[in-house]
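Grab a coffee and open the viewer: here are a few exercises to work through, each with a solution. Try each task yourself before reading on.

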Amino acid sequence: MTRRLASLTRRLAWLTTACLLAGIDAGTAVRVPAPARKSPAAAPLKTSATVRRWMRTMTLRDEVAQLVFVPFYGVFPNTRSREYARFVRLIRDTHVGGLILVNWANGRTTQKAEPYTLGAFLNRVQRLAKVPLMVSGDLERGASMRVNGTTPFPHAMAFGAAGDPELARYEGEVTAREARALGIQWVFFPVADVNNNPDNPVINTRSYGEDPQKVAAMVKAFIEGAHSDKKNYVLTTAKHFPGHGDTATDTHLNLATVDVSRERLEQVELVPFRGAIEAGVDSVMTAHIAVPALAPPELPATLAPQILTGLLRGEMGFKGIIVTDALEMGGIAKGYNSGQASVLALEAGADVLLMPPDPDAAIRAVVAAVQSGRIPRRRIQESVARILAAKERVGLDRVRTVNLEAIGDVVNAPEANEKAQEIADRAVTLVRNAPGLVPVAAPERACYVVMTEGRYSSEGQVFSQELRNRFPKATLTTLDPSMTKEAVDDAISRLPSCEQYVVAAYSAVAAYRGTVSLGGELPQTLEQLIGSGKPVTLVALGNPYLLRDFPKVSAYLATFSTATTSETAAVRALFGEIAIGGHLPVSIPGLAALGDGLQLPAVQ
């Protein structure tokens with residue numbers, strides 16, 4: 001048996017050699033391939049000693065968890081509650097990298113955090129964390145968007161109407177100072193979207209306007225202001241890349257598409273983002289929009305390597321943190337689960353996974369992708385290094401808690417409040433004024449109708465109080481979309497004979513709403529007042545495009561914000577207490593051009 005096996009082996013070897021040499025001319029050398037060289041080991045990541053110390057003890061799961069940011073409300077739950085136990089698990093045991101402050105609904109109204117409660121809660125959870133937490137928030141109107149008792153800046157478009165980048169720089173300074181006092185180190189602002197679509201239901205007044213260069217100037221000014229005080233340095237964020245302004249879909253509900261050419265993107269959408277990068281923006285937030293000129297038509301930018309790696313990192317040279325918009329939004333969640341979206345976002349080039357619906361599933365999926373070889377571990381470590389370097393940059397390696405007693409020395413400062421009111425005053429824009437209805441000549445002979453967005457909303461309270469302070473006997477009624485037609489008709493019928501109507505209509509951008517139009521019976525009621533034959537002055541608190549729905553109003557005044565400062569500014573403008581000098585930062589198709597604005601001096 002042994003001899004037969006040896007003979008068979010020799011024959012197989014001979015046949016193999018013959019096959020290898022077949023077809024080779026005599027005298028032609030047979031070139032044997034050199035053995036494959038081992039690829040050189042990747043160069044070590046360039047990090048500080050602090051970052052290396054933090055990373056040294058991290059497992060793969062710890063590294064992935066550092067990329068995940070989870071939401072919190074700023075309230076302090078009972079330490080024996082399930083809610084608190086969940087935070088303990090995610091922070092102390094899972095080691096998530098950070099938090100994002102969000103508002104919460106109590107069934108009737110949207111609630112914000114209270115300054116001292118927020119600071120106390122953050123101090124508690126920071127002590128639970130092995131590596132300090134990065135705390136973030138959409139502070140788009142300064143801290144007042146998420147926290148009560150802070151400086152009430154108006155929306156970004158109000159700054160666009162005022163037209164002075166120095167005002168945006170000031171907002172950046174105050175926002176950074178208040179954020180750091182509260183325990184927030186990362187601000188998801190400025191909005192770099194160019195709002196050139198009047199039907200946009202989710203950007204609208206969050207944008208500085210529709211002129212790319214002017215938007216870029218405001219974006220740069222805010223970043224510079226937020227970076228001006230090194231003791232109160234915050235990370236800034238340009239959003240929503242590559243530009244969410246030309247959409248008519250709320251991406252909290254569905255995927256939107258920006259179907260324009262690459263040339264148009266360069267001329268419009270990308271201009272403010274390039275300005276932000278020049279100004280040293282720390283991070284860029286992705287948009288859940290499809291951009292067929294850049295990537296496959298059904299692929300959200302958040303998951304598109306052509307956009308995040310190819311364009312943002314490669315062509316635009318951005319070196320900072322790329323953070324996804326919330327992965328719980330419909331633009332992502334309706335097509336991908338937490339794990340799928342997280343893996344694809346990291347493959348596309350994102351560093352931070354913001355608000356995955358299931359943080360544990362997201363971490364498991366990414367860990368599995370690394371273990372299978374789909375995602376190199378070094379790719380994860382690069383993102384971790386960026387996040388940890390940012391934590392060091394804001395000083396979390398030295399101090400991670402806040403001085404609760406000092407909060408009252410910083411937030412809601414009188415001089416900042418005065419400046420916020422000045423900004424709101426300067427933003428007021430008079431688009432139409434026939435026949436000279438503004439300022440109101442006979443305030444006590446006019447009827448005032450306040451149209452809010454909800455029965456339990458605080459909208460209109462400041463406007464009404466300011467009106468009553470000036471004219472205690474003025475006729476005033478408040479309507480909301482929940483009222484029946486009979487109730488609305490009854491309220492209007494109770495108004496006495498009026499020389500004119502002044503309608504203050506609130507229409508703010510809100511997630512998951514999908515529209516910025518008036519709701520319920522309010523549009524029909526406003527048309528009824530316009531058809532009465534008496535002049536109607538419409539004051540748009542929020543959405544400036546409201547004039548498109550009611551083009552027959554006699555006078556039209558826009559504040560570009562529902563902030564309390566804008567309510568006060570509207571009343572001041574109506575009665576001639578301030579000069580009206582704002583200019584439209586957007587065009588209203590068929591009715592008003594970009595830059596329009598009637599200028600009126602103060603008369604009191």
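**Exercise 1. Find the residue in S17 that is the bridge partner of Ala446, then place the two strands in their sheet.**

Step 1. This is a predicted model, and in it the bridge partner of Ala446 in S17 is Gln500.

Step 2. Now widen the view to the two strands. Strand S15 covers residues 446-451 and strand S17 covers residues 500-507; they run parallel, with 6 bridges joining them.

Step 3. Next, the whole sheet. Its 6 strands come in the order S14-S19-S18-S17-S15-S16, the sheet is open, and the pairing is mixed. At the edges sit strand S14 (429-433) and strand S16 (475-479), each pairing on one side only.

Step 4. How are neighbouring strands of this sheet turned against each other? On average by 15 degrees, direction ignored.

**Exercise 2. Work out which strands helix H21 touches and how the helix is directed relative to S18.**

Step 1. Helix H21 spans residues 564-574 and packs on the sheet.

Step 2. The strands touched by H21 are S17, strand S18 (536-542) and strand S19 (555-558).

Step 3. For the direction, set H21 against S18: the angle is about 155 degrees.

**Exercise 3. Describe the second largest pocket: its volume, its lining and the classes of residue in that lining.**

Step 1. The volume comes to about 350 Å³.

Step 2. The pocket is lined by 22 residues, and the closest to its centre are Arg180, Lys231, Val394, Val399 and Thr401.

Step 3. Which elements give two or more residues to this lining? They are helix H7 (165-182) and helix H16 (407-410). H7 gives the most, with 3 residues.

Step 4. Sorted by class, the lining has 9 nonpolar, 6 polar and 7 charged residues.

**Exercise 4. Say how many cavities of 30 Å³ or more a search of the whole structure finds, and list what lines them.**

Step 1. The search turns up 2 cavities.

Step 2. Start with the largest cavity, which holds about 50 Å³ of space. Lining this cavity are Met58, Asp62, Gln66, His95, Lys130 and Val131. By class, that gives 2 nonpolar, 2 polar and 2 charged residues.

Step 3. The second largest cavity holds about 40 Å³. Its lining is made of Gln66, Ile91, His95, Val96, Ala129, Lys130 and Val131. Here the classes are 4 nonpolar, 2 polar and 1 charged.

Step 4. Put the two lists side by side: Gln66, His95, Lys130 and Val131 appear in both linings.

Notes. Residues numbered from 1 in each chain as written. Predicted model: local features only at pLDDT ≥ 70, side-chain atom pairs only at ≥ 80, totals over all residues. Heavy atoms only, no water. Pairing = 2+ DSSP bridges. Helix = DSSP H or I, 4+ residues; strand = E, 2+ residues; numbered from the N terminus. Axes fitted to C-alpha atoms, helices over the stretch in contact; angles between N-to-C directions. Contact = heavy atoms within 4.5 Å. 1 Å grid on protein atoms, 1.4 Å probe; cavity = no way out; pocket = protein on both sides within 12 Å on 5 of 7 lines; lining within 4 Å. Points joined across faces, edges and corners; volume = space filled by probe spheres on them. Nonpolar A, V, L, I, M, F, W, Y, C, P; charged D, E, K, R; others polar.
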